[in-house]
Amino acid sequence: MGVCAGAAVSAAVGDASAAALPVPPAPEADGVPFSLTVMLWTVYRNLPFAQRLEKVAEAGYHAVELVDEFKDWKKEDFAEARRKKRELGIEIDGTCGVWIPLADSTKRDAFLKSLRDFIPTMRELECTRLIMQTGNKIPGLSPEEMHTNCIETLKRGADIAAENNIELLIENIDPEENPKYFLTQSAEGFEIVRSVGNPHVKFLYDLFHEQISAGNLIAKLEKNIDLIAIVHVADVPGRHHPGTGEINYPNIFRKLAELRYSRYVAMEFHPLGDPVKELRNARELAISSARAQRAARTFESGRKYESA
């Protein structure tokens, strides 16, 4: 089960980048270093929030990610959500909520204000990871200028994140889904995060979008695993559960285990049938694949010992 980082606010000590980071999740299961979660917008959108959490718990998960499910909530609604998630042993590991584009330098001050204004909502949610988008391409600006704008805005935002013990995550979106979006490939996203150089800024690696944009998924995991805070899972084409398309998810999960990836893996697929069943099957696939990697490593270690 994931460990809820809570809503604690840490004062920055010395350099802002040295401020405390959100608490990492506990391993999902024995032999599985990462923690599994569900992007909630994909399932049971017609049910009340509490019932949606119950369905996620029924499928075996202990964390969810949000988009705007809370946009009309009052204080009592946040309190009830906290009560329910504690009852079920569920945390909110990530949420969207700041929609000002990063690629437009003229919106930088507006972004920073929106970020500060949203932090109280994150505390209400007991969530310490903010998922953001770079926004669409800015007419009249070159790709290099937009790239630089993202870096500079995130550097400023990282100081706020460090002061408040949260992480800022940027995400890639493929050009088929949004041809106007700026950050379509993870390679550039990883470059941006590295250039920001603050541990409070991480990358959300969406495998569905990256497969459509560029592919070569595992090599990018190997090269950039230290920069990834969340991995999003859905198969191509169709955005359905692992095994319905062209991505070899057993190999992905094995690689994550091999790399000792200890953050979040989020199911963000459209169920074709019973959502609880499909989420449960996806969870079991992730766990069995990760354990297979450990078993293979143990066997290889023993084989080498025997031949020594």
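Y44 sits in the loop between β1 (35-39) and α1 (49-58), and its phi is near 50°, a positive value in a residue other than glycine. That residue is a handy way into this structure, which is a predicted model. The protein chain has nine helices and eight strands, and of its 308 residues, 55% count as buried.

**The chain overall**
- Take the contacts between residues at least 6 apart in sequence: 78% of them join residues at least 24 apart.
- The protein chain exposes about 13100 Å², and carbon and sulfur atoms supply 51% of that area.

**Backbone oddities in loops**
- Back to Y44: with a relative accessible area of 17%, Y44 is buried, because the cut-off for buried is under 20%.
- N165 also has a positive phi, of about 55°, although N165 is not a glycine.
- You'll find N165 in the loop between α4 (143-163) and β5 (167-171), and at 6% relative accessibility N165 counts as buried.
- The peptide bond from V236 to P237 is cis, with omega near 0°.
- P237 belongs to the loop between β7 (228-233) and α8 (249-258).

**Cysteines**
- If you're hunting for disulfides, a search of the whole structure turns up zero.
- C96 is in no disulfide, and the nearest cysteine sulfur, that of C127, is 9.7 Å away. A disulfide needs the two sulfur atoms within 2.5 Å.
- C96 is buried, at 4% relative accessibility.
- C150 is buried as well, with a relative accessible area of 0%.

**Where α2 meets α3**
- Helix α2 (residues 75-88) and helix α3 (residues 108-125) have axes that come within 9 Å and cross at roughly 40°.
- That crossing makes α2 oblique to α3, since angles under 35 degrees would count as roughly parallel and the oblique class takes what falls outside the parallel, antiparallel and perpendicular ranges.
- On the α2 side, the contact is made by K75, F78, R82 and K85; on the α3 side, T121, E124 and L125 do the job.
- Sorted by class, the contact of α2 with α3 has two nonpolar, one polar and four charged residues.

**S186 and what surrounds it**
- S186 is part of helix α5 (residues 186-196), and at 0% relative accessibility S186 counts as buried.
- Setting aside neighbours within four places in sequence, S186 is in contact with N172, F203, Y205, E210 and K220.
- One of those contacts is Y205: S186 and Y205 are 19 residues apart in sequence and 6.8 Å apart in space, C-alpha to C-alpha.

**F208 and what surrounds it**
- F208 lies in helix α6 (residues 207-213) and is buried, with a relative accessible area of 7%.
- Not counting residues up to four places away in sequence, F208 touches D174, E177, H232, A234, D235, V236, R239 and Y249.
- That list includes V236, the residue from which the cis peptide bond runs to P237.
- F208 and V231 are 23 residues apart in sequence, with 9.9 Å between them in space, C-alpha to C-alpha.

Conventions
Residues are numbered from 1 along each chain as its sequence is written. This is a predicted model: local features need pLDDT of at least 70, side-chain atom pairs count only at pLDDT 80 or more; totals for chains, interfaces and linings use all residues. Side-chain values use heavy atoms; hydrogens and water are left out. Buried means under 20% relative accessible area, exposed over 50%, partly exposed in between (1.4 Å probe, protein chains only). Helices (H or I, at least four residues) and strands (E, at least two) are DSSP runs, numbered from the N terminus. Contact means heavy atoms within 4.5 Å. Accessible areas come from the Shrake-Rupley method with a 1.4 Å probe; for residues, only the protein chains shown count as cover. Axes are lines fitted to C-alpha atoms, for helices over the stretch in contact, and angles run from 0 to 180 degrees between N-to-C directions. Angles under 35 degrees count as roughly parallel, over 145 as roughly antiparallel, 65 to 115 as roughly perpendicular and the rest as oblique. Ala, Val, Leu, Ile, Met, Phe, Trp, Tyr, Cys and Pro count as nonpolar, Asp, Glu, Lys and Arg as charged, and the others, Gly among them, as polar.
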